[in-house]
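Hi everyone, thanks for making time. I'd like to walk you through a structure that may be new to you, so let's put it up on the screen.

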Amino acid sequence: MKFNMGCGHNRRDGYVNVDSAAGSAADEVWDLEQTPWPWADDCAEEVLFIHSLEHMGGNPRVFLAIMTELYRICAPGALVVIHVPHPRHDDFLNDPTHVRAITPVMLGLFDRQKNDAFKIAGGANTPLAHYTGVDFQMTQDQTVLAEPYASQLRSGKITADQAAAAMRERNNIAKEFRIRLTARK
């Protein structure tokens with residue numbers, strides 16, 4: 001099965017479109033903050049969260065439950081595609097329904113191999129993969145720049161290092177993160 005979680009009005013053919021709003025384009029109306037989810041273990045070959053995951057799990061326990069359920073329904077090798085607004089962009093900051101910043105670094109805490117490395121190095125990183133029993137490998141981590149920065153980078157007017165420095169110093173440089181995870185089971 002393929003899932004389009006938090007679909008809103010963005011229905012996708014070939015996917016089970018899920019949303020908590022009855023007025024959405026959902027095939028199944030389900031509040032993903034309510035766990036356990038109604039789907040079988042290992043049933044998902046692909047799961048999309050396209051500008052939806054940042055609307056879920058404002059409470060850390062709820063977010064950890066969401067990640068645990070996501071892992072539970074993922075088949076071995078399942079693909080999880082996550083697109084979220086960059087937490088330092090107005091698209092994230094101005095929407096009162098955005099309850100959680102989602103970043104590649106944070107999602108890396110759900111990778112057992114990284115957790116093992118943190119432990120060996122004596123790092124203070126929270127080993128969420130160990131605590132929750134999940135294991136997601138990040139296979140893509142793309143930062144999408146806002147305009148005019150994306151065009152300036154493509155044309156060579158700014159370097160990747162200059163764009164990275166600007167992202168650390170100012171808002172509205174990066175527009176979103178596009179992340180792909182693979183379930184390791």
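**A walk through the model**

Let me start with one residue: His-51 is partly exposed, because its relative accessibility is 33%. One thing to keep in mind as we go is that this is a predicted model. His-51 sits in the loop between β4 and α1, the helix that covers 60–73. Its phi is near 55°, so a positive value, and this is not a glycine. As background, most residues other than glycine have a negative phi, and most peptide bonds are trans.

His-51 also shows up in the lining of the largest pocket, along with others including Gly-6, Asp-19, Trp-30, Glu-33 and Met-56. How big is the volume of that largest pocket? About 200 Å³. Sorted by type, its lining has three nonpolar, five polar and three charged residues.

Okay, let's zoom out to the whole chain. You can count seven helices and seven strands. Going along the sequence, the order is β-β-β-β-α-β-α-α-α-α-β-α-α-β. The C-alpha atoms fill a box of roughly 50 × 45 × 30 Å along the principal axes. The radius of gyration is 17 Å, which agrees with the value near 16 Å that a compact globule of 185 residues would have. Buried residues come to 45% of the 185 in the chain. And if you take contacts between residues at least 6 apart in sequence, 65% of them join residues at least 24 apart.

Back to the backbone. Asp-42 is another non-glycine residue with a positive phi, about 60° in this case. You'll find Asp-42 in the loop between β3 and β4. With a relative accessibility of 41%, Asp-42 counts as partly exposed.

That loop between β3 (28–29) and β4 (44–50) also holds Pro-36. Which way does the peptide bond from Thr-35 to Pro-36 go, cis or trans? The answer is cis, with omega near 5°. There's another cis bond joining Glu-147 and Pro-148, where omega is about 10°. Pro-148 is in the loop between β6 and α6.

Stay on that loop for a second, since Ala-146 is there too, between β6 (136–145) and α6 (149–155). Ala-146 is buried, because its relative accessible area is 6%. What is Ala-146 in contact with, leaving aside neighbours within four places in sequence? The answer is His-89, Asn-172, Ile-173, Ala-174 and Lys-175. For a sense of distance, Ala-146 and Met-5 are 141 residues apart in sequence, and their C-alpha atoms are 25 Å apart in space.

Last stop, the cysteines. How many disulfides does a search of the whole structure find? Zero. Cys-7 is in no disulfide, and the nearest cysteine sulfur, the one on Cys-43, is 16 Å away. Cys-43 isn't in one either; for that residue the nearest cysteine sulfur belongs to Cys-74, at 8.4 Å. Are these two buried or exposed? Cys-7 is buried, because its relative accessibility is 2%. Cys-43, at 16%, counts as buried too.

That's my tour, and I'm happy to go back to any part of it.

Key: Residues numbered from 1 in each chain as written. Predicted model: local features only at pLDDT ≥ 70, side-chain atom pairs only at ≥ 80, totals over all residues. Heavy atoms only, no water. Disulfide = S-S within 2.5 Å. Buried < 20%, exposed > 50% of the residue type's maximum accessible area, 1.4 Å probe, protein only. Helix = DSSP H or I, 4+ residues; strand = E, 2+ residues; numbered from the N terminus. Contact = heavy atoms within 4.5 Å. 1 Å grid on protein atoms, 1.4 Å probe; cavity = no way out; pocket = protein on both sides within 12 Å on 5 of 7 lines; lining within 4 Å. Points joined across faces, edges and corners; volume = space filled by probe spheres on them. Nonpolar A, V, L, I, M, F, W, Y, C, P; charged D, E, K, R; others polar. Rg over C-alpha atoms; globule rule 2.2 N^0.38 Å.
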